[in-house]
Amino acid sequence: MTFEEMCELAVRRKQEMPEGSYTTKLFQGGAHAIGKKLVEEAAESWMAARYESREALAEELSQVLYYVACMMAEKDISLEDVYRTL
């Protein structure tokens with residue numbers, strides 16, 4: 001899955017809010033809940049970069065990207081919005 005696909009999936013999940021989905025629960029918690037997980041995964045990525053394998057780091061970074069995509073969907077920020085600031 002690409003990051004673009006992940007962003008599209010996050011937007012769909014926010015629109016559909018499938019019952020029993022972890023992502024639905026995350027969106028129900030809003031930006032605060034998503035932000036907490038984003039910070040947590042960022043810290044775990046940092047520690048994986050310092051002390052763990054490349055594979056562990058890749059896994060942690062994939063989780064950071066997931067929460068970034070969720071935050072973007074939560075706050076209605078598109079990839080184009082982000083690209084304009086790069």
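Mentor: One definition before we start: a residue counts as buried under 20% relative accessible area, as exposed over 50%, and as partly exposed in between. Keep in mind, too, that the model above is predicted.

Trainee: Got it. Is L57 buried, exposed or partly exposed?

Mentor: Find L57 in helix α4. Its relative accessibility is 23%. That value falls between the 20% and 50% cut-offs, so L57 is partly exposed.

Trainee: Which residues does L57 touch, leaving out those up to four places away in sequence?

Mentor: Look across to helix α3, which covers residues 30–51. With the sequence neighbours up to four places away set aside, L57 touches S45, A48 and A49.

Trainee: Is S45 buried or exposed?

Mentor: S45 sits in helix α3. Besides L57, the residues S45 touches include E60, L61 and V64, when those up to four places away in sequence are not counted. The relative accessible area of S45 is 6%. Since that is under the 20% cut-off, S45 is buried.

Trainee: Now the whole chain. How many helices and strands are there?

Mentor: Follow the protein chain along its sequence and you read α-α-α-α-α. The count is five helices and zero strands.

Trainee: And what share of the residues in the protein chain is buried?

Mentor: Picture a C-alpha trace spanning about 40 × 35 × 25 Å along its principal axes. The chain exposes about 6,000 Å², with carbon and sulfur atoms supplying 56% of that. Of its 86 residues, the buried ones make up 27%.

Trainee: Among contacts between residues at least 6 apart in sequence, what percentage joins residues at least 24 apart?

Mentor: To count here, two residues need heavy atoms within 4.5 Å of each other. Take the contacts whose partners are at least 6 apart in sequence, then pick out those with partners at least 24 apart, and you get 59%.

Trainee: How much space lies in the largest pocket?

Mentor: Its lining includes E4, V11, M72, I77 and E80. By type, the lining residues are seven nonpolar, one polar and four charged. The space in this pocket is about 160 Å³.

Trainee: Which element gives the most residues to that lining?

Mentor: Three elements give two or more residues each: α1 (3–16), α4 (54–74) and α5 (79–83). Four residues come from the element that gives the most, and that is α1.

Trainee: E80 is in the lining. What is its relative accessible area?

Mentor: E80 has its place in helix α5. In space, its C-alpha is 13 Å from that of F3, though the two are 77 residues apart along the chain. E80 counts as partly exposed, because its relative accessible area is 48%.

Trainee: C7 lines the pocket as well. Why is C7 in no disulfide with C70?

Mentor: A disulfide is a covalent bond between the sulfur atoms of two cysteines. To be counted, the two sulfurs must be within 2.5 Å. The cysteine sulfur closest to that of C70 is in C7, and it is too far for a bond because the separation is 9.1 Å.

Trainee: How many disulfides are there in the whole structure, then?

Mentor: Both of these cysteines are buried, C7 with a relative accessible area of 10% and C70 at 0%. C7 is in no disulfide. A search of the whole structure gives a disulfide count of zero.

Methods. Residues are numbered from 1 along each chain as its sequence is written. This is a predicted model: local features need pLDDT of at least 70, side-chain atom pairs count only at pLDDT 80 or more; totals for chains, interfaces and linings use all residues. Side-chain values use heavy atoms; hydrogens and water are left out. On a 1 Å grid over the protein atoms alone, a cavity is a set of points where a 1.4 Å probe fits but cannot get out, and a pocket is an open set with protein on both sides within 12 Å along at least five of seven lines; lining residues have an atom within 4 Å of a point. Grid points are joined across faces, edges and corners, and a volume is the space filled by probe spheres set on the points. Ala, Val, Leu, Ile, Met, Phe, Trp, Tyr, Cys and Pro count as nonpolar, Asp, Glu, Lys and Arg as charged, and the others, Gly among them, as polar. Buried means under 20% relative accessible area, exposed over 50%, partly exposed in between (1.4 Å probe, protein chains only). Accessible areas come from the Shrake-Rupley method with a 1.4 Å probe; for residues, only the protein chains shown count as cover.
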